[in-house]
Amino acid sequence: MNRASEQEALPAGRKWWHVSTVYQIYPRSFCDSNGDGIGDIAGITSKLGYLKSLGIDLIWLSPIYRSPMDDNGYDISDYQDIAPEFGTLADFDHLVVEARRRGIGIMLDLVVNHTSDEHPWFLESRKGPGNPFRDFYIWRRPGPDGGPPNDLMSSFGGPAWTLDPLSGEYYLHLFSRRQPDLNWENPAVRREIYKMMNWWLERGIAGFRMDVIDYIGKQVDQGLVKDGPRLHEYLQEMNRRTFGRHDILTVGECWSATPGSALLYSGRDRSELSMVFQFEHVTQQWDEIYGKWRPKAFDLVKLKSVLSKWQYALSEDGWNSLFWGNHDLPRAVSQYGDAAGYHSQSAKMLATVLHLMKGTPFIYQGEEIGMTNVPFTTIDQYRDIETLNMHRLHVEAGLSPEDFIKGANQSARDNARTPMQWNAAAHGGFTKGVPWIEVNPNYATVNAEAAMTDERSIWNHYRKLIALRKTHPVIVYGLYQSWLDQHPDAFVYSRALDRDRLVVIANFAPHKVQLTLPRELANPGTCLIWNYEPVDTLGENVDLKPYEAFAILCEMRE
Ligand code: NOJ
């Protein structure tokens, strides 16, 4: 969607997507229209009314392209066609039109660090040195011992190099061996990618989410994967040759991003991206050695310090993305809240804290109804290639299968990938067939139909937050300040714009908490959002119920 005309009406430095809320759809798990057990584009189109009433502005679609589905579509074999299990290009065009009719833009997932091993470029490339496509990928001769050229590892476990018997050389794959990495140093690769991006832009899309985009500048021989020396040069070139001429939202997935590099990606004079997904708030909970498979105990002081650091760092320039979950992460309410004891209160608290910070909020499908991690008990119930690989490697290394499942229950990507729970019918109303992965058994109570009819539901809380962003510029542009940074249970911050001050107070604990606020925060005001009862006057002493959260808008004295 080209929003240039709307943009012209905005004051300098302001963008339409500052006020937007994005909703991420994992197509495979959203809504199955034809009973084959796999979600599809027609299913998404049938739910646009639902999304419109939630109030979101953009949909980010995880990959819908033709793919052998080794990594559920993050392995693309044709960038300009739709996977048959998801539908056709005509279905996609229809989705774009129908979404636009409701004021909703469609963002695509741009997966250009790698392709599928079934992509025609790779099939050609494999034919050997001398083939015009050989340098589309990264090939190296075996190391001195005949093994891989160096010790780069794949994110899905094992070496990042696979020997191709056809030519006796190794190719690089930072993910599965069926996801060979493209060689961005080759200008012909970049030309082809830009051509493809322009083709989608002409179809009227409103944005790109860019998969592991911090990898494209890699210097393999130096063992350098993230933040390579030419990364920003490539992004500026991409911007110039493709979306720079359109007014779209671009967000780069950058696990390595720091506040400093985020300013390079998203600074106003950089001509790169609108914003990045950074993951510091996610990884601060990971074990130094075993990563997410053995998460550390939750530490609110750390979480606050990371989130606040990002708020401060991008307060004058650049822009934050705000998210708790996505298709790779555990369910927000299970990870940061209390899905068993305080399901509704903690899900609403988390939404309040996130949506009232400065940045563009992203909702992952099902988060708005409080979907939870899935209690699978055996490895056969999991589908994700990463989990299946890690299970093999960890069990081979001596971990008991039971302990692996315990970790997977907390961290596996399939927690986020079980089907969307629409109603209390079989399989949560996701499909009339057999779903490709089991539905979370709590669908009888946690489902969209029940949430939409309950005025006090998590869904209605999200709806309110999304609407508040549209009516209160302080939520979009207000200056962020955190308070009580060392408090182990409460998150308190304020936002200030002109004479408006918004104070957000949240209890992250399953017990009552007493706070003593700094004097300057203690003012009467109007409660904009709450998860127990509205609180209109803030005294210096505040008693919070378990997971209580509210936000008060005050007018500051001269
Ligand atoms: C990041 C994506 O979010 C994830 O789902 C995928 O497996 C990897 N990149 C590889 O494309």
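**Talking through the ligand site**

Modeller: In this predicted model, a side-chain N or O atom of Asp328 lies 2.5 Å from an oxygen atom of the ligand.

Colleague: What makes that pair with Asp328 a polar contact?

Modeller: The cut-off is 3.5 Å between N or O atoms. At 2.5 Å, the Asp328 pair is within 3.5 Å, so it counts. The side chains of two other residues also reach a ligand oxygen with an N or O atom: His114 at 2.9 Å and Arg209 at 3.0 Å. As for cover, the ligand has 300 Å² of accessible area on its own, and the protein covers 98% of that.

Colleague: Nice! Which residues are the closest to the ligand?

Modeller: Of the 13 residues that surround the ligand, the closest are Asp71, His114, Asp211, His327 and Asp328. By type, the shell holds seven charged, four nonpolar and two polar residues.

Colleague: And how do you know that the ligand sits in the largest pocket?

Modeller: The test asks for more than half of a molecule's atoms to lie within 2 Å of the pocket's grid points. The ligand is assigned to the largest pocket, so it passes that test.

Colleague: Let's turn to Asp57. Why is Asp57 called buried?

Modeller: Happy to explain! Its relative accessible area is 11%, and buried means under 20%, so Asp57 is called buried. You will find Asp57 in the loop between α3 (48-54) and β2 (58-61).

Colleague: Which backbone nitrogen lies 2.8 Å from a polar atom of the Asp57 side chain?

Modeller: That is the backbone nitrogen of Thr21.

Technical notes
Residues are numbered from 1 along each chain as its sequence is written. This is a predicted model: local features need pLDDT of at least 70, side-chain atom pairs count only at pLDDT 80 or more; totals for chains, interfaces and linings use all residues. Side-chain values use heavy atoms; hydrogens and water are left out. A residue is near a molecule or strand if one of its heavy atoms lies within 4 Å of it. A polar contact is a pair of N or O atoms within 3.5 Å; within protein, one must be able to donate a hydrogen and the other to accept it, and residues adjacent in sequence count only if both atoms are side-chain atoms. Accessible areas come from the Shrake-Rupley method with a 1.4 Å probe; for residues, only the protein chains shown count as cover. On a 1 Å grid over the protein atoms alone, a cavity is a set of points where a 1.4 Å probe fits but cannot get out, and a pocket is an open set with protein on both sides within 12 Å along at least five of seven lines; lining residues have an atom within 4 Å of a point. Ala, Val, Leu, Ile, Met, Phe, Trp, Tyr, Cys and Pro count as nonpolar, Asp, Glu, Lys and Arg as charged, and the others, Gly among them, as polar. Helices (H or I, at least four residues) and strands (E, at least two) are DSSP runs, numbered from the N terminus. Buried means under 20% relative accessible area, exposed over 50%, partly exposed in between (1.4 Å probe, protein chains only).
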